[in-house]
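This report concerns the surroundings of selected side chains and the helix that carries several of them. Please consult the sequence and the coordinates alongside the text.

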Amino acid sequence: MACDAEDCGFQMLNDDEIVTSVQEESDPVEDETNEDDNNNNESSKDPSNPDAFSALETAMEWYEQQSECCPTQLLLLKRIRDLAAKKRRCTIVQ
């Protein structure tokens with residue numbers, strides 16, 4: 001313990017000081033995380049309906065060419081693509 005007190009890298013803290021130190025260290029991390037979330041929300045925009053449709057169309061073409069292509073999964077992918085197409089049409093009409 002005496003050697004720890006002499007080392008500048010270690011501090012002798014009581015219980016209250018330890019709690020305060022941990023709280024101070026955790027607060028900046030939370031602030032940075034919240035700032036990052038806010039920046040990501042502002043800078044990242046949801047894909048548009050036409051973009052989603054195009055991506056799903058490309059994914060379907062790719063998946064159909066794979067040896068692991070399962071008809072059930074392909075049908076589900078087509079349904080998702082059809083949903084994007086429907087939303088794309090609704091956006092165009094508005």
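In this predicted model, Arg81 touches Phe53, Leu56, Glu57 and Met60, leaving aside residues up to four places away in sequence. Arg81 is found in helix H4, which covers residues 71-93. With a relative accessible area of 17%, Arg81 is buried, because buried means under 20%.

Helix H3 comprises residues 49-64. At 1.5 Å a residue, its 16 residues should span 22 Å, and the end C-alpha atoms are 22 Å apart, which agrees. Phe53, Leu56, Met60 and Tyr63 are the buried residues named in H3. Viewed down the helix axis, the buried residues of H3 fall within an arc of 95°, so they line one face. An α-helix has 3.6 residues a turn, so residues three or four places apart point the same way. Asp51 and Trp62 are exposed on the other side of H3.

Phe53 also has a charged partner: the charged end of Arg88 sits over the Phe53 ring, 4.1 Å from its centre.

The count of aromatic pairs comes to 1. Trp62 and Tyr63 form this pair, which is tilted, with 6.4 Å centre to centre and 40° between the planes. How does each partner count, buried or exposed? Trp62 counts as exposed at 53% relative accessibility, whereas Tyr63 counts as buried at 12%.

The relative accessibilities are collected below.

| Residue | Relative accessibility | Class |
|---|---|---|
| Arg81 | 17% | buried |
| Trp62 | 53% | exposed |
| Tyr63 | 12% | buried |

Definitions and conventions:
Residues numbered from 1 in each chain as written. Predicted model: local features only at pLDDT ≥ 70, side-chain atom pairs only at ≥ 80, totals over all residues. Heavy atoms only, no water. Helix = DSSP H or I, 4+ residues; strand = E, 2+ residues; numbered from the N terminus. Expected span 1.5 Å × (residues − 1). Buried < 20%, exposed > 50% of the residue type's maximum accessible area, 1.4 Å probe, protein only. Arc of directions from axis to C-beta. Contact = heavy atoms within 4.5 Å. Phe/Tyr/Trp six-rings, centres within 6.5 Å; stacked < 30°, edge-to-face > 60°. Lys NZ or Arg CZ within 6 Å of the ring centre and 35° of its normal.
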